[in-house]
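Colleague: I am new to this structure and would like a close look at a single part, the place where two of its helices pack together. Please take me through it with care.

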Amino acid sequence: MPNIKSAIKRVTTNNKAQQANISQKNDMRSAVKNAKTAIENNADNKSELVQVAVKKIDKAAKSNLIHSNKADRLKSQVMRNK
């Protein structure tokens, strides 16, 4: 644990940001998983779930949580059998 006041603040700020990033990434992953399972099961709301997944993928790529190429690849996988 740091002794300097500004370093202590940085640790707490970094921890908050890390938790927010992890939460956003988990939301994206579960949205992609929900969309893929809806497509496999031919659910009625699969187009809505695909839209939600694409939106969350774009948001994660915009905030550099995932690489833009990975975002494109995931969107392509989700929208393939829409």
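**The packing of two helices**

Modeller: In this predicted model, the protein chain holds three helices and zero strands, so that, read from the N terminus on, its elements run α-α-α. With a radius of gyration of 17 Å, well over the 12 Å that the globule rule gives for 82 residues, the chain is more spread out than a compact globule, and its C-alpha trace spans about 55 × 20 × 15 Å along the principal axes.

The part you ask about is formed by helix α2, residues 46–62, and helix α3, residues 68–79, whose axes lie 10 Å apart and pack at an angle of about 175°. Because angles over 145 degrees count as roughly antiparallel, α2 and α3 are therefore roughly antiparallel to each other. On the α2 side the contact is made by Val50, Ala53, Val54, Ile57, Asp58 and Ala61, which meet Ala71, Leu74, Lys75, Val78 and Met79 in α3. Sorted by class, this contact has nine nonpolar residues, two charged ones and no polar ones.

From here the view can be widened to the largest nonpolar core, which has 16 residues, and in which Ile57 and Ile66 touch the most other members. The elements that give two or more residues to this core are α1 (5–41), α2 and α3, with the largest share, six residues, coming from α2. Leaving aside residues up to four places away in sequence, Ile66 touches Lys25, Met28, Ile57, Ala60, Ala61, Ala71 and Leu74.

Terms used
Residues are numbered from 1 along each chain as its sequence is written. This is a predicted model: local features need pLDDT of at least 70, side-chain atom pairs count only at pLDDT 80 or more; totals for chains, interfaces and linings use all residues. Side-chain values use heavy atoms; hydrogens and water are left out. Axes are lines fitted to C-alpha atoms, for helices over the stretch in contact, and angles run from 0 to 180 degrees between N-to-C directions. Helices (H or I, at least four residues) and strands (E, at least two) are DSSP runs, numbered from the N terminus. Angles under 35 degrees count as roughly parallel, over 145 as roughly antiparallel, 65 to 115 as roughly perpendicular and the rest as oblique. Contact means heavy atoms within 4.5 Å. Ala, Val, Leu, Ile, Met, Phe, Trp, Tyr, Cys and Pro count as nonpolar, Asp, Glu, Lys and Arg as charged, and the others, Gly among them, as polar. A nonpolar core is a set of buried Ala, Val, Leu, Ile, Met, Phe, Trp, Tyr and Cys residues joined through side-chain atoms within 4.5 Å. Buried means under 20% relative accessible area, exposed over 50%, partly exposed in between (1.4 Å probe, protein chains only). The radius of gyration is taken over C-alpha atoms; the globule rule is 2.2 Å times the number of residues to the power 0.38.
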